[in-house]
Amino acid sequence: MQSPLPVRDGVNATRLRLPDAGPWTTAMDYMMHRWGHIDPQGIEDRFDAGEIVGEGGVALDRATRLEDHTFIWYYRSLPPETRIPVEISILHQDDHLLVVDKPHFLPTTPGGTYIQESALVRLRNQLNLPDLIPMHRLDRMTAGVLLLSTNPETRGNYQVLFEKRQVQKKYECVSAAEPAAGHPAVDFPVVVRNRMTKSRSYLLAEVIEGEPNAETRIERLETFDGGASVGAAGTGDAGARASGINADAGSTPRLARYRLEPHSGKTHQLRVHMASLGLGIVNDAFYPDLLDKAPDDYSKPLQLLARGIRFVDPISKKPVEYRSGLHLSEATHAPR
């Protein structure tokens with residue numbers, strides 16, 4: 001449903017569905033029920049200023065009856081955010097698409113405590129493109145190629161490509177060269193297939209019984225000695241322990257760079273599939289073991305990169321490929 005309010009400061013207006021009935025007489029009564037404990041004066045001021053609207057942009061006031069509107073829109077009051085010390089690089093821009101290199105730690109879209117500090121809002125403001133919409137998402141901790149639509153009139157052409165799985169994506173990651181203890185050896189290349197799910201109330205994705213809905217082809221590209229930042233199991237480095245990297249205290253772990261080709265797009269799919277082989281990705285705080293929440297350590301990004309994306313452009317009808325200019329920091333230790 002199209003918002004009657006324009007994008008402001010790079011952020012869409014919030015849409016709220018009003019209940020069909022209840023103990024509330026007016027729309028303001030309901031909003032007070034939901035958020036009056038946070039900022040009652042702010043809610044009253046917005047109604048008085050006509051800043052809360054219904055379909056067609058009709059302004060509501062304090063007396064607007066609950067049943068007069070099904071959906072209403074308003075701008076949230078956004079708290080100040082600390083800038084994440086990373087930058088976005090533009091790889092390509094035309095009348096239909098924007099292709100960027102999203103850095104680690106920056107979320108693709110607004111959510112939670114990250115609103116202005118999201119790739120979408122930053123780019124809308126930087127490029128003055130209020131209609132910008134991502135065609136897919138990358139996890140906050142994943143870096144690499146991200147496609148966004150700049151033109152609402154042609155957006156559907158690109159959405160169909162993703163819906164029909166006509167977009168080929170390639171990722172790279174760094175993990176241990178050999179599986180963690182308790183996992184069998186892997187004969188590469190290997191295809192991992194299973195059924196994954198993620199509930200709204202549970203932080204992690206998990207593998208369950210049933211028909212596979214997630215598939216990833218994994219190829220080992222090279223092995224090399226890891227850098228000091230990876231640490232060694234038993235030395236207090238949580239990233240190494242969580243990734244299942246085996247090394248004696250004081251020794252250098254043996255790492256490998258892998259190519260990952262997903263044929264589905266489940267939440268955290270690549271991280272789960274690597275962990276299922278005993279090859280948890282370096283600096284992954286979720287899989288195979290969930291670590292305690294800690295402030296972001298910008299010196300230890302998750303070693304997962306969306307290396308490239310390829311498809312036949314629906315406008316030009318020509319095959320195109322966009323590749324990331326970023327590199328995984330641990331892979332810089334690999335001999336070239």
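So, Glu117 is buried, with a relative accessible area of 7%. This is a predicted model, by the way, so keep that in mind as we go. What does Glu117 form a salt bridge with? The partner is Arg83, and the closest N and O atoms are 3.9 Å apart. This pair links distant parts of the chain: Glu117 sits in the loop between E4 and H3, Arg83 in the loop between E2 and strand E3, and they are 34 residues apart. Unlike its buried partner, Arg83 is partly exposed, at 46% relative accessible area. There's also a network here: salt bridges link Arg83, Glu87, Glu117 and Arg122.

Okay, other salt bridges. A search of the whole structure turns up 20 of them. One I'd like to show you is Arg254 with Asp225, where the closest N and O atoms are 2.9 Å apart. Arg254 is in strand E11 and Asp225 in strand E10, so this pair ties together parts that are 29 residues apart in sequence. Both ends count as partly exposed, because Arg254 has a relative accessible area of 42% and Asp225 has 45%. Then there's Arg65 with Asp68, again with the closest N and O atoms 2.9 Å apart. Arg65 is partly exposed at 45%, and Asp68 is partly exposed too, at 39%.

Now, the inside. The largest nonpolar core has 35 residues, and the ones touching the most other members are Leu148, Ile218, Tyr258, Leu260, Met274 and Leu304. Among the elements giving two or more residues to this core are strands E4, E6, E7 and E11, plus helices H3 and H6.

Strand E7 also holds Ser175. Is Ser175 buried or exposed? Buried, because its relative accessibility is 0%, and the cut-off for buried is under 20%. What does a polar atom of the Ser175 side chain have 2.7 Å away? That would be the backbone oxygen of Leu279. Setting aside neighbours within four places in sequence, Ser175 is in contact with several residues, including Tyr258, Met274, Leu279 and Ile281. Tyr258 and Met274 came up a moment ago, in that list of core residues touching the most other members.

Last stop, strand E1, residues 14-17. Thr14 and Leu16 point to one face and are buried, while Arg15 and Arg17 point to the other and are not. That's the pattern you'd look for, because in a regular strand the side chains alternate between the two faces of the sheet. E1 runs antiparallel to strand E2, with four bridges joining the two. And across from Arg15, over in E2, you'll find Trp73.

How values were computed:
Residues are numbered from 1 along each chain as its sequence is written. This is a predicted model: local features need pLDDT of at least 70, side-chain atom pairs count only at pLDDT 80 or more; totals for chains, interfaces and linings use all residues. Side-chain values use heavy atoms; hydrogens and water are left out. A nonpolar core is a set of buried Ala, Val, Leu, Ile, Met, Phe, Trp, Tyr and Cys residues joined through side-chain atoms within 4.5 Å. Buried means under 20% relative accessible area, exposed over 50%, partly exposed in between (1.4 Å probe, protein chains only). A polar contact is a pair of N or O atoms within 3.5 Å; within protein, one must be able to donate a hydrogen and the other to accept it, and residues adjacent in sequence count only if both atoms are side-chain atoms. Contact means heavy atoms within 4.5 Å. Two strands pair if DSSP finds at least two bridges between them. A salt bridge is a side-chain nitrogen of Lys or Arg within 4 Å of a carboxyl oxygen of Asp or Glu.
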